[in-house]
Amino acid sequence: MTIRTTMTAGLAALVLGTGAAAADPVTVGLITTLSGGGAGIGTDIRDGFQLALDMNGGDSIHLVVEDDGRRPEQAVQIADRMIQAEHAQILTGIIWSNLAMAVIPAVTAQEVFYISPNAGPSALAGAGCNPYYFNAAWQNDMLHEAAGAYASEHGMNHTFILAPNYPAGTDALTGFKRRYTGEIAGEIYTQLGQTDYAAEIAQIRASGADSVFIFLPGGMGISFVRQYAQSGVDLPLISTAFTVGQDSLPGMGEAALGVVNAGQWSPDLDNEANHAFVTAFREAYGRTPSLYASQAFDTANLILSAVAAADVNDHEAFRAALRAADFASVRGAFRFGNNQHPIQNVYMREVVNADGEITNRLLGLAIADYQDVFASECPMQ
Amino acid sequence: MRNEHREYAVNAVLALGLLAVPLWALWANEPFTITLCTRIAVLALAGVGLNIALGLGGMVSFGHAAFFGLGGYVAGILAQHASSGAPILGLPGSNQMLVIWPVAMLVAGTVAAAIGALSLRTTGIFFIMITLAFAQMVYYFAVSWPAYGGEDGLPIYVRNRFPGLNTMRPWDLFVVSWGLLMAGIGVFALIRGSRFGAALMAIRQNPDRAASVGISPFGVQLAAFALSGAITGLAGALMADLSRFTSPSMLAWPMSGELIVIIILGGVGRVFGPVAGAAILVGFEVTFGGMTEHWKLWLGLVLLGVVLFARGGLLGLIAGRERLG
Amino acid sequence: MSAALFFEQLLNGLQFGLMLFLMSAGLTLVFGVMGLINLAHGSLYMLGAFFCAAAASATGNFWLGLIAGTAAAAAAGALIETAILRRLYTRDHLDQVLATYALILILTEGTKIVFGPFPLYLNTPTLLQGTVNLGLTEYPLYRLALIGFGLAVALGLSLLITRTRLGIRIRAGENDREMIAALGVNIRALYTLVFALGAGLAGLAGALVGAVQAVQVGMGEPVLILAFVVIVIGGIGSIKGAMVGALLVGIIDTMGRFLLPRAFGLFLDPSQATVVGAALASMLIYLLMALILVLRPQGLFPAHA
């Protein structure tokens, strides 16, 4: 299968055939993980992005996709090639914070725009913010903070917290604790990629906690949630969309039912753009979109809106067009803060069985119109 | 003899070709091609290091990623301390390649000596598994130790410096890497022709006979393994500067596999084998990586074909089967 | 820390160790008989889990899935052995490393093409859901069953090796390959059988573990590396060594993850202690391996002593 595809939809070109879009197509490089563990998330990112282009049509964007194999060096090399050999003007697609930390500074230093559909490390949201870097998803801590706020408001004051021992894991627990007012019943860092959690669950059982918060993305979460369901420990489980999202739920099955988790989006979020997105995604790919797919879809629409409004070679004008965020986000209200990260609502969702499909249902608002705590350290206005 | 001449010719083509392509790219303003050639040179240098242990000494190490990654971490950590001004172990950091390189070689060589001392108590299949396991231990440590970024890795925002050159320019960094690669190849050729190299190869062929003529297999092999790790560590330091980034993935087992692949694709024990191997691997990755997301499947099939049908690697195909060892 | 928690962790370590034994037994057998290092053993574990998940969800029956997973891995093993690895027994270990490394790439990517990039779902059988009261603590029934399974397979394997004609040939093959060929044993068929047996054990482990873990591409390699550690500790080619090594690794790893952060908590502040403890716990079994190498370079139970 060829993944280096040129997006051309002749019909729609007629519609958009005015103004800036009539110029040469803008080359967008999408670097994401399509092989090894985590390939499912990368597939969602690619498919979500592609869907937005298909739905909006137009030949304003020439998309180049490549697999980073989840290796930072490889991602940097691909970014260099896309910029230097293929003259990409916008890059996007990276899932993981560690790859983002390697690629984004290298890209922005070459005065090329990078728009993150996922990773939002704190180092790039605060003092390290950059005019060429936008994040269309969240700052890393945001969803965990919402989960902490929810736990406190719902009378949980003895929570056991657990995450893998790597920076995104420590960030997650720090984020949770930031808005959590109760007491921590226990705190465990597990090995990255760990698949057996019997030892940790035994400690949870013995801790006397009243609830459990986990950040275990991908296969780690699938393993934990299923082992937890079988362990006989029935404390409420709180998490974020990274752990119990649509990418993992099919692998968890009924074990995930009832897990409450934070996310800025949910497949049943009630707005017009989201209805269209979820329907079209199911039709095109035969599965329910994940949070990652929704973010990639928004990223593509953000880029499309800016390309239609300004010339990408006029960096000032193009940046202003991106900052305006003049597109219908599937998460509803969406705007950028001074650090070019989203200011948005974060909701709580609950895993339910909807007519045989294990999926998330909206539970309510967790924190409204929220800006990340690092924005104040960013010198940009 | 004819084979030998043919190999010299191939070596010259490889050495000069690796210089000519970036020169052309410089003229044609294709900076990425230069970067690609730099990557080939750096991976080849790492392969030259491994080739000392594997090609000359017959020590099949599946753990050279550890030394490669450690070299990278030395570059990243020294650069970080240089920019923050904080001392490390009572000494200042540095952003000078001429300081970083010896430190990287020393650190990687010392760790290689330690791992080697334990692993060389055994041979053959044990050795493969033990080197893999110890490399994995270093990997897990790097991932879970937060001081230098853990899984996030360590960025190098401005490349470390080399006197008289601007290493941020692709061509300048290439020249540095090419020079080091040639120096590494020179060291390899010297070792192969030396008494030390002869002892090493004698041990590979028959350890008992070597011992009976008074060669201590353990000492010779340990020295070769440490040197091998040091050169691979040097390549790691260069790779960190090329990527402007160090991360645990440099330490992970697929990297060890890649280094072995480089050597075998080029031809085990051949002086220029790693250069040919690195060029093939990078070329394959760039060509097929852009065409299909399943390129690793094709790489696997090619490797299988090489093992079954082309045992001498590329140089074996061109210059004949017999080894110059 | 209560006795109940300690007891539960001990059971966890035992269960983890027995699953490692299933992985290591096949590896060590293949090396002992054929002198082959098989890096793709982890891929066979992955195949077992994927085929089990696919068959279980198609038939709705976990046990059919378990049989399918084991059989698929054994069949894949037999196929790989006859088509490729057979040619490599006389080659040096380097060729074996490269060929089996290539097989990892092919099987990993091939699995992704066939089953898709998303993790598969595999549930525990209804018969084994829930927990049992062991007096000191509640314990998941399925994990208890895994312990039983592991012990049963270990027993069966040792009977196979010591009591059957096949076992005699395997032991003869370990000791002297030319000899058993001279005795008229079809050595090629024996090798294929042994490889398929090892692959089937790996597939069985993958299928059993797949019911409580994520069934995903790349799940085999971390287990493979642990199995290497087990074999180095136990001694290559020794089933008994694999058993002892696996239990040591399983129990020490589990206990390390559990106790080290607490131990550091005695003199460090809690959040620092958990990070330092977790970092050290991840290195613990490798340090054990280093210690064994210093004391007994051939492992605890060298097969060719």
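**A walk through chains C and A**

Thr28(C) sits in helix H1 of chain C, which covers residues 3–34. The model is a predicted one. Is Thr28(C) buried or exposed? Its relative accessibility is 1%, so Thr28(C) counts as buried, the cut-off being under 20%. Its side chain has a polar partner. A polar atom of that side chain lies 2.6 Å from the backbone nitrogen of Gly237(C). Gly237(C) also appears in the list of residues that Thr28(C) contacts, once neighbours within four places in sequence are set aside. The rest of that list is Ile231(C), Gly235(C), Ile236(C), Ser238(C), Ile239(C) and Ala242(C).

Now move along the chain to a second threonine. Thr192(C) belongs to helix H8 of chain C, residues 187–210. Thr192(C) has a relative accessible area of 14%. That is under 20%, so Thr192(C) is buried. What does the side chain of Thr192(C) reach? The partner is the backbone oxygen of Arg188(C), at 3.0 Å. Beyond residues up to four places away in sequence, Thr192(C) touches Ala78(C), Glu81(C), Thr82(C) and Arg86(C).

Arg188(C) deserves its own stop. Helix H8 of chain C holds Arg188(C), and the same helix holds Thr192(C). The accessibility of the two residues falls in separate classes. Arg188(C) has 53% relative accessibility; the cut-off for exposed is over 50%, so Arg188(C) counts as exposed. Thr192(C), as noted, is buried. Arg188(C) can also be placed relative to Leu166(C). In sequence, 22 residues separate Arg188(C) and Leu166(C). In space, their C-alpha atoms are 13 Å apart.

Step back to chain C as a whole. How many helices and strands does chain C have? The count is 12 helices and two strands. The order along the sequence is α-α-α-α-β-β-α-α-α-α-α-α-α-α. Chain C has a radius of gyration of 20 Å, and the globule rule gives 19 Å for 305 residues; the two are close, so chain C is as compact as a globular protein of that length. Along the principal axes, the C-alpha atoms of chain C fill a box of roughly 65 × 50 × 35 Å.

The burial figures for chain C follow. Of its 305 residues, 62% are buried; Thr28(C) is one buried residue, and Thr192(C) is another. Take the contacts in chain C between residues at least 6 apart in sequence: 78% of them join residues at least 24 apart. The surface of chain C comes next. Its accessible area is about 10900 Å², and carbon and sulfur atoms account for 68% of that. On the charge side, chain C carries 15 positive and 12 negative side chains. The centres of these two sets lie 9 Å apart.

Turn to chain A. Its secondary structure comprises 13 helices and 13 strands. The globule rule gives 21 Å for the 381 residues of chain A, and the radius of gyration is close to that at 20 Å, so chain A is as compact as a globular protein of that length. The box filled by the C-alpha atoms of chain A is roughly 65 × 45 × 35 Å along the principal axes. Buried residues come to 67% of the 381. Among contacts in chain A between residues at least 6 apart in sequence, those joining residues at least 24 apart make up 71%.

The surface of chain A amounts to about 11400 Å². Carbon and sulfur atoms supply 51% of that area. Chain A has 18 positive and 39 negative charges. What separates the mean positions of the two sets of charges in chain A? The distance is 3 Å.

Two backbone details close the tour of chain A. The loop between strand E11 (335–336) and strand E12 (342–354) contains Gln340(A). Phi of Gln340(A) is near 65°, which is positive although the residue is not glycine. Gln340(A) has 0% relative accessibility and counts as buried. Asp369(A) also has a positive phi in a residue other than glycine, near 45°. Where does Asp369(A) lie? Its place is strand E13 of chain A, residues 357–370. Asp369(A) has 45% relative accessibility; that falls between the 20% and 50% cut-offs, so Asp369(A) counts as partly exposed.

How values were computed: Residues numbered from 1 in each chain as written. Chains lettered and ligands numbered in written order. Predicted model: local features only at pLDDT ≥ 70, side-chain atom pairs only at ≥ 80, totals over all residues. Heavy atoms only, no water. Helix = DSSP H or I, 4+ residues; strand = E, 2+ residues; numbered from the N terminus. Rg over C-alpha atoms; globule rule 2.2 N^0.38 Å. Buried < 20%, exposed > 50% of the residue type's maximum accessible area, 1.4 Å probe, protein only. Contact = heavy atoms within 4.5 Å. Areas by Shrake-Rupley, 256 points an atom, 1.4 Å probe, with all protein chains shown as cover. Lys, Arg positive; Asp, Glu negative; His and termini not counted. Charge placed at Lys NZ, Arg CZ, Asp CG, Glu CD. Polar contact = N/O pair within 3.5 Å; in protein donor to acceptor, adjacent residues only side chain to side chain.
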